[in-house]
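This briefing goes through a protein model by topic, from the contacts between chains to single residues. Please keep the sequence and the structure in view while reading.

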There are 4 protein chains.
Amino acid sequence: MARIVKAPEERRAEIVETAGRLFRKHGYAKCSVEMIIREIGVAKGTFYYYFKSKPDILEAIVDKTLSQIVEMASSVADDPSLSAMQKMAALLGNSHIGDDDSLEVAEMLHLPENRELHELTNIQTVLQLSPILAQIVEQGIGEGVFEVERPLETIQFLFTGAQFLTDGGMFGFSEAELRTRRLVMQTIIEKALGSTPGSFDFMNPIRAVE
Amino acid sequence: MARIVKAPEERRAEIVETAGRLFRKHGYAKCSVEMIIREIGVAKGTFYYYFKSKPDILEAIVDKTLSQIVEMASSVADDPSLSAMQKMAALLGNSHIGDDDSLEVAEMLHLPENRELHELTNIQTVLQLSPILAQIVEQGIGEGVFEVERPLETIQFLFTGAQFLTDGGMFGFSEAELRTRRLVMQTIIEKALGSTPGSFDFMNPIRAVE
Amino acid sequence: MARIVKAPEERRAEIVETAGRLFRKHGYAKCSVEMIIREIGVAKGTFYYYFKSKPDILEAIVDKTLSQIVEMASSVADDPSLSAMQKMAALLGNSHIGDDDSLEVAEMLHLPENRELHELTNIQTVLQLSPILAQIVEQGIGEGVFEVERPLETIQFLFTGAQFLTDGGMFGFSEAELRTRRLVMQTIIEKALGSTPGSFDFMNPIRAVE
Amino acid sequence: MARIVKAPEERRAEIVETAGRLFRKHGYAKCSVEMIIREIGVAKGTFYYYFKSKPDILEAIVDKTLSQIVEMASSVADDPSLSAMQKMAALLGNSHIGDDDSLEVAEMLHLPENRELHELTNIQTVLQLSPILAQIVEQGIGEGVFEVERPLETIQFLFTGAQFLTDGGMFGFSEAELRTRRLVMQTIIEKALGSTPGSFDFMNPIRAVE
DNA sequence: GATGAATGAGAATTCATTCAT
DNA sequence: TATGAATGAATTCTCATTCAT
């Protein structure tokens, strides 16, 4: 095959992107290095030039995904013009607000990922996003819309439940079942954060429309 | 190797038990059939005499674990002499009440299991235990100690959060961190179920002592 | 399972019969001893009580099949009331003459058998049946209907061609192709044995009807 | 083991050649991949780098053998300077005419091959060589040396008989028995093709000498 | 930087056969 | 005679990783 030289950064990014896509589609364990390099059209050696092992690239993918999520969340959390409630809506809502080519946080979190990737990213997402959300909760307490003692741990618990329960098909729920669960989730979140019933309606847009 | 004949059920149970232990210790994928049979001291053929494939025994293990959990929970839930709150305490509390040789539900749920086993049992546990707990909540509503609209879905959400967040090391929390999380969980549960603050103190016995 | 005691002869015959049927259906190599004993409903040990190995029973099956074929052919060949041509028709024709429950020679020879069984029985059939057919040819020479120098070898060659070419699907011929081949076979046989054209019409009954 | 890199075609050919030799010697089923790679001195992975399964290489061997046979036969059949009878002699005769390093067709056909390889190549040989021989027969009809109605089917039948009957030891004939059979085959072929007795004497060179 | 042939340690699974009961 | 649990060598195939070019 023709040897195609690329800038190292570009080649590395290409491999991460492709591997990530394939891992999400077929699962980490079922994805051989062979599959990845065939998809890209490079040689085996090239893969091992950039990554010293297969677990190595898994880490790179999780890191990349998370930094994207965190960056987006941070930019919202740090926006001084938004109220706590608006920030919550922006981060947890289901409607597109801005750009088209970038996924929204809520969407990113629900990609039909697989086990290994899933668990790793789910956990890291909870751990890294919780402080950001907790900070918003603190802001909300100041604004008088939330009342809760331990924002970080509370957010962590709620986030974990939400993430794992309604996440990419782990539980095998139907669409209707998922809707009910999201409604209940909203109620629990409102109670746990001590906010007005209905204040998290943005989580269930259809019901809000009804 | 010497041929040691055993009663089929005994041999089968022996294999399930050993495989379960090794899966929990090293993970399903990293545990070869070779490891299992070497541990027991039987031939490979013996393994395949009882289980037709490796996934097959994984299923057997999950089934066994779950039926134990469900059986125990049911016996508590069906006891007419106990109040809803007593049942909750019995199922979610951390103190041993009865027999010594059998694990309590709460303990079973927190075994340091691995991915495959983990996810499978976690999910099934939530799905199968939720109705039983929901039924107790209904009883509690009748007794005036709970107030909640959708017991099943509420329980499912709370259970999922609890299960995944404080479960065998997935999140890598320290003991202190786990304690804080359990405290918060208690508060959220009390709020979500509409019960008196402090009524779920049994979840955090040490704090109760303090 | 209940232990069912049978007369040794009966049990042995039962195993041979069942194994033969399965070998013909799935092939010798693909048929495990397990399959055979499960089909009969006896234990592994029982199989090995009657046959010391798997190849052993293959031989028993071939022997049995062949002795049936040879016996039937002999009874025809030895019938003093039939002419050579009548005997040929009886042995190679495609129409049923007598009993219903026993297969005719021609039919037996074309069972859709598998490789191992196939080759073994084909070869043995050719070797054991050839002398009998050769003897009929000798009779025919005496009766003035055949003219050929070396009946045995001639028969052997013709038989081999017929057996392997039109046999159970080895060549993958369609029904139409098989018909054409049978027509040509008839011509060659007539020429090789020096008999009148059309004298072997019984081999192609449909054409005879046309 | 030392890593010896070779040109892919060379390595592939080496594996096909070695596997072919071993299959012919011990039989396809009794030849493990292990045996093959040990004989060549490469790693297991190397085998599976070139062939995706064991049946895969069987096919490669049969293909290679057949294309050699067909190529040789075609070059003879297409030679405009030869008469039909000369072509027959060239293809079916037992004496070497030309090159030394390549096996003659007749020899190739009689290699002591095993079941699977045997049956597959025998059948394919008959199917692929028949049209070429039939074409020669047509030429012979034009030249007035043959007289036969259905050349293709006739050739197929004769070829099948010859191939299987005198082929590498299937029937276990002695040299003397084989000689007699070849003599008879000659007669039958002459009769079936309607050619002059003795015109196929090249098939039995020793007798011709006698 | 890039290639791709080569490696080889294992993995799961099969199955004819044995033998204690 | 009969049972069926137990054996274990053998087999095919996978795949992360290495390394000569």
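How many salt bridges does the rule find across the interface of chain C and chain D? The rule finds zero salt bridges there, and in this predicted model the count of residue pairs in polar contact between chain C and chain D, with both residues at pLDDT 80 or more, is four. The points below take up this interface, then the one between chain B and chain A, then the axes that relate the copies, and lastly one chain and two residues.

**The interface of chain C and chain D**

- On the side of chain C, 30 residues take part, and they are in contact with 28 residues of chain D.
- The area buried between chain C and chain D comes to about 3100 Å², and carbon and sulfur atoms give 72% of this area.
- Three elements of chain C, namely α7 (115–143), α8 (151–165) and α9 (175–193), each give two or more residues to the side that touches chain D.
- Among the elements of chain C, α8(C) gives the most to that side, with eleven residues.
- By residue class, the side of chain C that touches chain D divides into 17 nonpolar, five polar and eight charged residues, although the rule finds zero salt bridges across the interface of chain C and chain D.

**The interface of chain B and chain A**

- In this contact 28 residues come from chain B and 30 residues come from chain A.
- Between chain B and chain A the buried area is about 3100 Å², with 72% of it given by carbon and sulfur atoms.
- Zero salt bridges are found by the rule across the interface of chain B and chain A, while four residue pairs, both members at pLDDT 80 or more, are found in polar contact across it.
- The side of chain B that touches chain A draws at least two residues from each of α7 (115–143), α8 (151–166) and α9 (175–193) of chain B, and α8(B) gives the most to this side, with eleven residues.
- The residues on that side of chain B are made up of 16 nonpolar, five polar and seven charged ones.

**How the copies are related**

- Two copies of a chain are related by a rotation about an axis and a shift along it.
- A turn of 178 degrees with a shift of 0.0 Å along the axis lays chain C on chain D with an RMSD of 0.3 Å, and the two copies are thus related as by a two-fold rotation axis.
- Of the residues of chain C, C:Gly161 comes closest to this rotation axis, with its C-alpha at 1.8 Å.
- Chain B can be laid on chain A by a turn of 178 degrees and a shift of 0.0 Å along the axis, with an RMSD of 0.4 Å, and in chain B the C-alpha nearest the axis belongs to B:Gly161, at 1.9 Å from it.
- Because 93% of the interface residues of chain C are also interface residues in chain D, these copies meet through the same surface.
- For chain B the share of interface residues that are also interface residues in chain A is 100%, so these copies, too, meet through the same surface.

**The fold of chain A**

- Chain A has ten helices and zero strands, and 48% of its 210 residues count as buried.
- When contacts in chain A between residues at least 6 apart in sequence are considered, 61% of them join residues at least 24 apart.

**C:Ala192 in helix α9**

- C:Ala192 is found in helix α9 of chain C and is buried, with a relative accessible area of 2%.
- Apart from neighbours within four places in sequence, C:Ala192 is in contact with C:Glu147, C:Val148, C:Thr154 and C:Leu158, and also with D:Ile188 and D:Lys191.
- C:Ala192 and C:Pro151 are 41 residues apart along the chain, and their C-alpha atoms are separated by 9.6 Å.

**B:Lys54 in helix α4**

- Is B:Lys54, which has its place in helix α4 (residues 54–77) of chain B, buried or exposed? Its relative accessible area is 19%, and B:Lys54 counts as buried because that value is under the cut-off of 20%.
- A polar atom of the side chain of B:Lys54 lies 2.9 Å from the backbone oxygen of B:Cys31.
- With neighbours within four places in sequence left aside, the residues in contact with B:Lys54 are B:Phe23, B:Tyr28, B:Ala29, B:Cys31 and B:Val33.

Terms used: Residues are numbered from 1 along each chain as its sequence is written. Chains are lettered from A and ligands numbered from 1 in the order in which they are written. This is a predicted model: local features need pLDDT of at least 70, side-chain atom pairs count only at pLDDT 80 or more; totals for chains, interfaces and linings use all residues. Side-chain values use heavy atoms; hydrogens and water are left out. Contact means heavy atoms within 4.5 Å. Buried area is the accessible area (1.4 Å probe) that two parts lose on being put together, summed over both. A salt bridge is a side-chain nitrogen of Lys or Arg within 4 Å of a carboxyl oxygen of Asp or Glu. A polar contact is a pair of N or O atoms within 3.5 Å; within protein, one must be able to donate a hydrogen and the other to accept it, and residues adjacent in sequence count only if both atoms are side-chain atoms. Helices (H or I, at least four residues) and strands (E, at least two) are DSSP runs, numbered from the N terminus. Ala, Val, Leu, Ile, Met, Phe, Trp, Tyr, Cys and Pro count as nonpolar, Asp, Glu, Lys and Arg as charged, and the others, Gly among them, as polar. Copies are superposed by least squares on the C-alpha atoms of residues with pLDDT of at least 70 in both. Buried means under 20% relative accessible area, exposed over 50%, partly exposed in between (1.4 Å probe, protein chains only).
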